[in-house]
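Please open the structure in your viewer and keep the selection panel at hand. The tour proceeds by selections, with a short account of what is found at each.

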Amino acid sequence: MTADDLKTQFRQQSQAALSLNVAYIGVVNGLFTTLHRLRQASAQALAEAAGIDPGYVLRWCDAAYAFGYLDADGDTFRLTPQGEAMRPEAPDTLMPMAVQSVLSAHMAERAAGLMRNGERPGEQVLAERQTVLPWFGPMLEATFGPMFEHTICPAVPVFAEVDARGGLAVDLGCGNGWYLRALARRCGKLRGLGIDGFEENITQAQALARQNGLSDRLRFQHGDIHALTLDEPADLIAMNRALHHVWEKDTQTLFAWLRANLKPGGAVVIWEPAWPAERRALREPSRRGMAFQNLSEHVQGNHFLRPEEIQAAFAQAGMTATVHLFAQGNEAVVVARR
Ligand SMILES: C[S@@+](CC[C@H](N)C(=O)[O-])C[C@H]1O[C@@H](n2cnc3c(N)ncnc32)[C@H](O)[C@@H]1O
């Protein structure tokens, strides 16, 4: 490859990143949603309807037009199919990619600076960007909710058992509560308790449970997984992309807690990205994002786990665990019983 070829390749990659940055600005300010509702509008009318500054909206419209999210007829804009697909409400929305792209840029900047002294500030790094944190839950829900409902639930027998058994499901590190909402919709007899360390997530989870008519069965409260007391033992304890957040602190105590807080016959279900056994597997395009994310997880005091490590931790706590792999082996669901 010549130097010019390399420049062309990197220019294309950099345009893809810029395109997602432009989309992010529209997503978090409701511009795609508002323009969809108006069908077509001038930048001024769009700004008024969205309740934001017209000067910024005019510049955003030009950028969104340049990257193909908007078409223009004179000074009147409307969404292109790409713009429609970026709406957070669109089926199979592209919104998570836009949010992830800006979050990744933030984490890269933090990792670059912190690498010099080895400091790992922890979870609060996510909250350093005012506009990102509220989109963290919706991003995860849009990315993993459909996989849970359509692929994981039908393939992992524990979910049919939960439906038959009812009782209490506890979701540790519940984010915006999408998992408990999905479970409660499937399992009419199930109650849920979600715990998360970010107030923002709990506020969203409570509001979404209310909007979905599920607040009589689902409770969400702010709390720390490491310092939690349950009022009653659980039939199901779930951790989705949360175990790697608490793994480095005191794994043995956590796994003993999981076992102690489970009813006989109950199950712990852990869903985690599956860190591959071999480094060369990271070169596969489907795993590159995971490799970057593991670097940004380091900033937060975390690292990704191999499914066998999770299985071994359960064994040490006296529980037998089964690993189910999905998404070309990149997603692991580990089910353990007392
Ligand atoms: C990657 S997110 C996953 C969120 C959610 N389970 C989902 O699948 O969308 C990890 C979550 O764990 C929460 N978390 C991390 N450490 C925690 C702790 N010690 N106590 C409570 N929540 C914690 C974070 O606030 C975050 O919402």
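The stops below lead from the overall division of the chain to helices, strands, the ligand and several single residues. Please bear in mind throughout that this is a predicted model.

**The two domains**

Begin by colouring residues 3–92 and 132–337 separately. These ranges are domain 1 and domain 2, respectively, of the protein chain. Their C-alpha centres are 34 Å apart.

**Helix 2**

Next, select residues 31–38, which form helix 2. Which residues of this helix are buried? They are Leu 31, Phe 32, Thr 34 and Leu 35. Look down the helix axis: these residues lie on the same side of helix 2, because they cover an arc of only 165 degrees around the axis. A general point assists here: residues three or four places apart point the same way, because an α-helix has 3.6 residues a turn.

Now display the surroundings of that side. The buried residues of helix 2 pack against three other helices that include helix 1 (3–28), helix 3 (43–50) and helix 4 (54–66), as well as against helix 5 (81–86). Strand 1 (41–42) and strand 3 (76–79) are further packing partners. Before leaving, select Arg 39, which follows helix 2 and has a positive phi, near 70 degrees.

**Helix 3**

Move to residues 43–50, helix 3. Its buried residues are Ala 43, Leu 46, Ala 47 and Ala 50. Viewed along the axis of helix 3, they line one face, because they fall within an arc of 100 degrees. These buried residues pack against helix 2, helix 4, strand 1 and strand 3. Gly 51 follows helix 3, and its phi is positive, near 70 degrees.

**The three-stranded sheet**

Select strands 1, 2 and 3 together. The 3 strands form an open sheet in the order 1-3-2, with antiparallel pairing. Strand 1 and strand 2 are the edge strands, each pairing on one side only.

Centre the view on strand 2, residues 70–73, which runs antiparallel to strand 3 and is joined to it by 4 bridges. Asp 73 has Thr 76 of strand 3 as its bridge partner. Strand 2 and strand 3 make a hairpin with 2 residues between them. In the turn, Gly 74 has a positive phi of about 65 degrees.

On the other pairing, strand 1 and strand 3 are antiparallel and share 2 bridges. Ala 41 is found opposite Phe 77 in strand 3.

**The ligand**

Select the ligand and the residues around it. How many residues surround the ligand, and which come nearest? There are 21, of which Leu 140, Gly 173, Gly 175, Gly 197 and Asn 240 come nearest. By class, the shell consists of 10 nonpolar, 7 polar and 4 charged residues.

Colour the contributing elements next. Helix 7 (133–155), helix 9 (178–186) and helix 11 (243–260) each supply at least two residues of this shell, as does strand 5 (190–196).

**Two residues with positive phi**

In general, most residues other than glycine have a negative phi. With that in mind, select Asp 92, whose phi is positive, near 60 degrees. Asp 92 lies in the loop between helix 5 and helix 6 (95–114). Is Asp 92 buried or exposed? Asp 92 counts as exposed, because it has 7 C-beta neighbours inside 10 Å.

Then go to Gln 328, which is not a glycine yet has a positive phi of about 50 degrees. Gln 328 occupies the loop between strand 9 (320–326) and strand 10 (331–337). With 10 C-beta neighbours inside 10 Å, Gln 328 also counts as exposed.

**Gln 9 and Met 290**

Select Gln 9 in helix 1. Gln 9 is exposed, with 11 other C-beta atoms within 10 Å. Draw a distance from its C-alpha atom to that of Asp 92: the two are 28 Å apart, at a separation of 83 residues along the chain.

Finish at Met 290, in helix 12 (residues 285–299). Met 290 is partly exposed, with 19 other C-beta atoms within 10 Å; the threshold for a buried residue is 20 or more. Leaving aside neighbours within four places in sequence, Met 290 is in contact with Pro 273, Phe 304 and Asn 330. A last distance may be drawn to Ala 274: its C-alpha atom and that of Met 290 are separated by 9.0 Å, while the two residues are 16 residues apart along the chain.

Technical notes
Residues are numbered from 1 along each chain as its sequence is written. This is a predicted model: local features need pLDDT of at least 70, side-chain atom pairs count only at pLDDT 80 or more; totals for chains, interfaces and linings use all residues. A residue is buried if 20 or more other C-beta atoms lie within 10 Å of its own, exposed if 12 or fewer, and partly exposed in between; C-beta atoms are placed from the backbone. The arc is that of the directions from the helix axis to the C-beta atoms. Two residues are in contact if their C-beta atoms, placed from the backbone, lie within 7 Å. Domain bounds come from an automatic or database domain assignment. A residue is near a molecule or strand if its C-beta atom, placed from the backbone, lies within 6 Å of it. Ala, Val, Leu, Ile, Met, Phe, Trp, Tyr, Cys and Pro count as nonpolar, Asp, Glu, Lys and Arg as charged, and the others, Gly among them, as polar. Two strands pair if DSSP finds at least two bridges between them.
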